[in-house]
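Okay, thanks for coming, everyone. Let me put the structure up on the screen and then we can walk through it together.

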Amino acid sequence: REIFTNKVDSETQEVIHETVSDVVRFKLHTPNSVCAMRQNSFSDKEPEMFEWIEEYGGKGALYDIGANIGIYSLYYAKSQPGNVYSFEPSAFNLRQLAKNVSVNSLSNKITIISTPLSDKTGVSTFINSNVNEGGALNAFGVNYGHDGEPIHKLVEYSVIGFSLDDLKHTGAINEPPSLIK
């Protein structure tokens, strides 16, 4: 089992994205089909994200809320001078996010915040609707998804969430964002 796990964990694929003026490269761990899909569709899935980052990014920070495995965090850190705060509370995605930051040597530009954001600081239920690394559509403090429909609960646990105001007041985050995704 350990040999198999180490092989899967060591699998990385390069992402190459061409902009009008540059080529941005980074590595992604792709231990399963969900992560591989994110790598394969990176440049095509949401082209408006690149335009938005290129137009409004810059020296300010990106707050990547629901960072998942970190594709936009990595892209911003590689293409813009500003820092990144990657918010990802899913234990299933956090492992890949941390590995992706590390394999790209970006721990000096990307800060991972493993607690959810909320309108107020407090403990509530975090619901994972997908237990695959790279999966999405989770919820904190509510039992419905982005579409307003009840969320399919595969794993749920209590966790503390923070408001951005409280993170700023405590000094946990001092850098204002240029962009919030």
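I'll start with the chain as a whole, then go through the sheets, a pair of helices and one asparagine.

First, keep in mind that what you're looking at is a predicted model. The protein chain has seven helices and nine strands. Its radius of gyration is 16 Å, close to the 16 Å that the globule rule gives for 181 residues, so the chain is as compact as a globular protein of that length. If you want a box around it, the C-alpha atoms fill roughly 45 × 45 × 30 Å along the principal axes. Of the 181 residues, 43% are buried. The accessible surface comes to about 9,800 Å², and carbon and sulfur atoms hold 51% of that. And if you take the contacts with a separation of 6 or more, 63% are between residues 24 or more positions apart.

Okay, sheets. Let's take the parallel one: an open sheet of four strands, in the order 5-4-3-9. At the edges you have strand 5, residues 110–113, and strand 9, residues 177–180, and each of those pairs on one side only. From one strand to the next, the twist averages 20 degrees. If you zoom in on strand 4, residues 84–87, you'll see it pair with strand 5 in the parallel sense over four bridges. To find the register, look for S86, which stands opposite I112 in strand 5.

Now, what lies across those strands? That's helix 5, residues 71–79, which lies across strand 3, strand 4, strand 5 and strand 9. The helix runs at about 170 degrees to strand 3, which is residues 61–65.

There's also an open sheet of three strands, order 7-6-8, and here the pairing is antiparallel. Strand 7 (139–140) and strand 8 (155–161) each have a single partner strand, so one side of each is left without a neighbour in the sheet. Strand 6, residues 122–128, is joined to strand 8 by seven bridges. One pair to click on there is T125 with its bridge partner S158 in strand 8.

Back towards the N terminus, strand 1 (residues 12–18) and strand 2 (residues 23–29) pair in the antiparallel sense, over seven bridges. The link between them is a hairpin, with four residues joining strand 1 to strand 2. E14 stands opposite K27 of strand 2. Hang on to K27, we'll meet that residue again.

On to the helices. How do helix 4 and helix 5 pack? Helix 4 is residues 47–56, and the two pack at an angle of about 35 degrees with their axes 11 Å apart. The crossing is right-handed. On the helix 4 side the contact is made by M49, F50, I53 and E54, and on the helix 5 side by Y72, Y75, Y76 and S79.

Last stop: N104. You'll find this asparagine in the loop between helix 6 (91–103) and strand 5. So, is N104 buried or exposed? The relative accessible area of N104 is 9%, and anything under 20% counts as buried, so N104 is buried. Who's around it? Leaving out residues up to four places away in sequence, N104 touches F26, K27, L74 and K78. There's K27 again, the residue across from E14. As for F26, it sits 78 residues away from N104 along the chain, but their C-alpha atoms are separated by 6.4 Å.

That's my tour, so let's go to questions.

How values were computed
Residues numbered from 1 in each chain as written. Predicted model: local features only at pLDDT ≥ 70, side-chain atom pairs only at ≥ 80, totals over all residues. Heavy atoms only, no water. Pairing = 2+ DSSP bridges. Axes fitted to C-alpha atoms, helices over the stretch in contact; angles between N-to-C directions. Contact = heavy atoms within 4.5 Å. Rg over C-alpha atoms; globule rule 2.2 N^0.38 Å. Buried < 20%, exposed > 50% of the residue type's maximum accessible area, 1.4 Å probe, protein only. Areas by Shrake-Rupley, 256 points an atom, 1.4 Å probe, with all protein chains shown as cover. Left-handed = near helix turned anticlockwise from the far one by under 90°.
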